[in-house]
Amino acid sequence: MSTTSTTSTAAATVSREIRLAARPVGEPSTRHFDLATVAVPEPGEGQILVRNTWMSVDPYMRGRMDDVPSYIPPFEVGGALDGGAIGEVIASRAASVPVGSTVSHFLGWREHAVLDAAAATVVDTALAPAPAYLGPLGTTGLTAYAALTRTAPVREGDVVFVSAAAGAVGSVAGQVARWLGASRVIGSAGGPRKTAKLLDAFGFDAAVDYRQGGVGEQLAQAAPDGVDVYLDAVGGDHLRAAIQAMRPGGRIAMVGAISGYNATDPVPGPDNLYRAAFREVTLRGMLVTSHFDLFPEWIGTAAGRLADGTLHTEQTVVEGLENAPEAFLAMMRGANTGKMLVRLDGRR
Ligand SMILES: NC(=O)c1ccc[n+]([C@@H]2O[C@H](COP(=O)([O-])OP(=O)(O)OC[C@H]3O[C@@H](n4cnc5c(N)ncnc54)[C@H](OP(=O)(O)O)[C@@H]3O)[C@@H](O)[C@H]2O)c1
């Protein structure tokens with residue numbers, strides 16, 4: 001017997017999803033994605049039907065397009081992609097998640113999703129607008145917080161360097177570093193519009209424009225006495241420059257290495273690692289999924305700061321599921337400021 005079975009009015013019968021058409025070698029393009037029309041699935045016992053309203057595109061999705069073992073399975077060629085999404089529950093056979101709830105879940109890249117109620121998290125839209133749960137109040141915000149409190153903890157008076165600083169994780173990280181007592185916060189980004197944004201909107205003290213010259217030289221100028229903590233989202237030239245600048249006992253949180261995500265040959269490591277040895281620098285990797293226990297603490301801090309404006313965030317929004325592949329590709333090229341999101345009209 002069903003526990004709850006409710007459906008909203010004028011339920012759609014067809015929906016759309018984005019599938020992986022082929023595995024890219026090097027930089028992906030729109031030809032690696034397909035848009036398919038499918039029947040709206042029916043929820044089974046204990047399941048909910050969600051009309052997705054927002055979905056996230058994230059750098060780690062590039063890795064899932066390759067058929068290589070990783071911490072998360074690769075996308076299947078011909079299958080729908082997945083990832084973070086927010087939506088409205090339009091049919092429910094689970095008493096715990098009634099129709100009308102706004103939920104966060106992992107079946108993005110489609111307009112409608114059926115999933116076990118246990119796999120959805122009901123979000124509080126009175127606390128923050130729904131898309132915030134894919135950005136500052138979601139895993140991107142938590143990545144910044146966990147990286148700078150656990151992986152490479154910031155201490156009072158530290159000099160902190162953040163890469164991809166105008167992006168989703170980086171723009172939050174610069175502000176978190178300040179709350180944690182950093183005396184100077186330096187960010188790097190690509191191009192003058194973004195570096196101006198670092199200084200004017202995201203509260204950084206100095207900016208490195210990696211497209212305008214060497215990261216090492218610019219970082220040495222911005223941090224003449226060195227760096228205590230580096231949040232690495234980029235790898236490559238940024239990691240090398242940070243190692244060069246680290247003070248004794250410095251800490252590096254390795255959250256990503258986007259400069260190499262489209263590489264077709266093995267990416268060499270930095271040639272100055274010996275400096276980490278004699279300066280006793282810690283390089284430590286992190287996965288946000290290992291830090292979900294911090295979510296309540298993070299949301300407790302960040303939601304209030306979002307509401308009173310002491311956490312400034314931005315989002316770049318692309319409209320429509322059919323444009324989700326281009327949103328992903330544009331984010332990989334740096335077209336976003338803050339979190340790149342796709343708004344799904346969802347009214348099909
Ligand atoms: N470990 C984890 O659990 C975890 C969780 C979330 C994210 N991450 C990682 O954190 C990083 C940022 O993710 P995000 O979601 O916040 O994305 P994002 O920063 O919002 O978007 C990606 C940004 O990367 C920059 N970029 C692209 N190619 C680059 C290159 N060759 N050199 C320098 N910068 C480049 C672009 O900014 P510019 O215009 O400034 O170049 C682009 O806007 C990624 O490495 C991601 O994989 C890790």
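A polar contact is a pair of N or O atoms within 3.5 Å; within protein, one atom must be able to donate a hydrogen and the other to accept it, and residues adjacent in sequence count only if both atoms are side-chain atoms. The model is predicted: local features need pLDDT of at least 70, side-chain atom pairs count only at pLDDT 80 or more, and totals for chains, interfaces and linings use all residues. Residues are numbered from 1 along each chain as its sequence is written, and side-chain values use heavy atoms, with hydrogens and water left out.

**Exercise 1. Describe how domain 1 and domain 2 meet.**

Step 1. The protein chain is divided into domain 1 (2-135 + 313-343) and domain 2 (139-289), with bounds from an automatic or database domain assignment. Their centres, taken over C-alpha atoms, are separated by 30 Å.

Step 2. In contact (heavy atoms within 4.5 Å) are 19 residues of domain 1 and 19 residues of domain 2.

Step 3. About 1400 Å² is buried between the two domains, and carbon and sulfur atoms give 55% of this area. Buried area is the accessible area (1.4 Å probe) that two parts lose on being put together, summed over both.

Step 4. Between the domains there are 9 residue pairs in polar contact, both residues at pLDDT 80 or more. The count of salt bridges (a side-chain nitrogen of Lys or Arg within 4 Å of a carboxyl oxygen of Asp or Glu) is 1 between domain 1 and domain 2.

**Exercise 2. Determine which parts the salt bridge of Arg16 and Glu111 ties together.**

Step 1. The whole structure holds 16 salt bridges. In the pair of Arg16 and Glu111, the closest N and O atoms are 3.0 Å apart.

Step 2. Arg16 belongs to strand E2 (residues 14-20) and Glu111 to the loop between strand E6 (102-105) and strand E7 (112-116), so the pair ties together parts 95 residues apart in sequence. Strands (E, at least two residues) and helices (H or I, at least four) are DSSP runs, numbered from the N terminus.

**Exercise 3. Give the strand order of the open sheet and place helix H5 against the sheet.**

Step 1. The 6 strands follow the order E11-E10-E9-E12-E13-E14, with parallel pairing; two strands pair if DSSP finds at least two bridges between them.

Step 2. At the edges, strand E11 (206-209) and strand E14 (282-285) each pair on one side only. From one strand to the next, the twist averages 15 degrees.

Step 3. Helix H5 (residues 215-222) packs on the sheet and touches strand E9 (159-162), strand E10 (184-189), E11 and E12. The direction of H5 makes about 170 degrees with that of E11; axes are lines fitted to C-alpha atoms, for helices over the stretch in contact, and angles run from 0 to 180 degrees between N-to-C directions.
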